[in-house]
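Me: Got a minute to go through a model with me? I'll fire off questions as they come.
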Amino acid sequence: MTDVLGRMNSMLFDTHMHVNVEQFKDDKAEVIQRAFDAGVKYMVVVGFDRETIPLAIEIAEQYETIYAAVGWHPVDAIDMTDGDLEWIEELSSHPKVDAIGEMGLDYHWDKSPKNIQDEVFRKQIRLAKKVNMPIIIHNREATEDIINILQEEAAHAVGGIMHCYNDDVRYVQDCLDMNFYISLGGTVTFKNAPLPKEVAVQVPLDRLLVETDSPFLAPHPNRGKRNEPAYVTLVAKKVAELREISMEELSKKTTENAFRLFRL
Ligand SMILES: [Zn+2]
């Protein structure tokens, strides 16, 4: 692929990042520029609560190739009001909003009881179906419940992304059957993490995405530091190496996949 300067370039798409959080309040513009300089031309900035959603929209309005997703995080499910849900619905018609999420279940933290998480998750799936937009799924220690809910709510009608997929390869087919894409992040580069490496090889190339989840989960060799969208190059390199394909091919395919999914 060729960029605006005519250079052959692998244009990557970081499909999930949060430059809209506190950790980037002082150097957002520099962080975004570093991503562009590294060949990460496209990004989705994900808003997940009352503070991060407006900022996601604001950033997407500033940059032509950055899009926003809006949703409510399962950890904070207990805080979501009907007004918040209506607000998310209104924002879904914003021209730079391309997905609803992140949403899902998180059984690692116990701030929000499981039944509330379940309810808030289902409400957001129904909203996404109503406005006909793909959904972004956050899953922590809750894979089987997530798959059941997606099936019960017929989420295949909109499809979406299993964000930062970090689970057993045996669940991948269920996700693919429901029109979901599998997005890999920094964990695929971790030395002690066999599962995402297996997933990286098994997922059909036309259903694979890459992401950073910045500022979390920085890939090797930056593990433990603040993550940033430029580092999606490290994720992509690792996936290309595992699949034994070129970085160019991996970049081209995953970016095409993101365009198809987000209907850009
Ligand atoms: Zn996230």
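Reply: Sure. Keep in mind that this is a predicted model.

Me: Which residues are the protein donors of the zinc ion?
Reply: His-16 and His-18, each through NE2, plus Glu-102 through OE and Asp-213 through OD. They lie 2.1 to 2.7 Å from the zinc ion.

Me: What's the arrangement of the 4 donor atoms?
Reply: Irregular. The angles run from 82 to 172 degrees. Four donors count as tetrahedral only if all angles lie between 85 and 135 degrees, so this set does not qualify.

Me: How are the donor residues spaced in sequence?
Reply: The pattern is H-x1-H-x83-E-x110-D. His-18 and Asp-213 are 195 residues apart, so that pair links distant parts of the chain.

Me: Where do those two sit?
Reply: His-18 is in the loop between strand S1 (12-17) and helix H1 (28-37). Asp-213 is in the loop between strand S8 (208-210) and helix H8 (232-243).

Me: And His-18 and Asp-213, buried or exposed?
Reply: Both are buried.

Me: Switching topic. How many disulfides?
Reply: The structure holds 0.

Me: Why no bond for Cys-164?
Reply: Distance. The closest cysteine sulfur is in Cys-175, and it is 14 Å from the sulfur of Cys-164. A disulfide needs the two sulfur atoms within 2.5 Å, so 14 Å is too far.

Me: Are those cysteines buried or exposed?
Reply: Cys-164 is buried, with a relative accessible area of 12%. Cys-175 also counts as buried, at 1%.

Terms used
Residues are numbered from 1 along each chain as its sequence is written. This is a predicted model: local features need pLDDT of at least 70, side-chain atom pairs count only at pLDDT 80 or more; totals for chains, interfaces and linings use all residues. Side-chain values use heavy atoms; hydrogens and water are left out. Buried means under 20% relative accessible area, exposed over 50%, partly exposed in between (1.4 Å probe, protein chains only). Donors are N, O and S atoms within 2.8 Å of the metal (3.2 Å for Na, K and Ca); water is not among the atoms, so sites may look incomplete. Four donors count as tetrahedral if all angles lie between 85 and 135 degrees; four count as square planar and six as octahedral if opposite donors are over 155 degrees apart and all others between 65 and 115; anything else is irregular. Helices (H or I, at least four residues) and strands (E, at least two) are DSSP runs, numbered from the N terminus.
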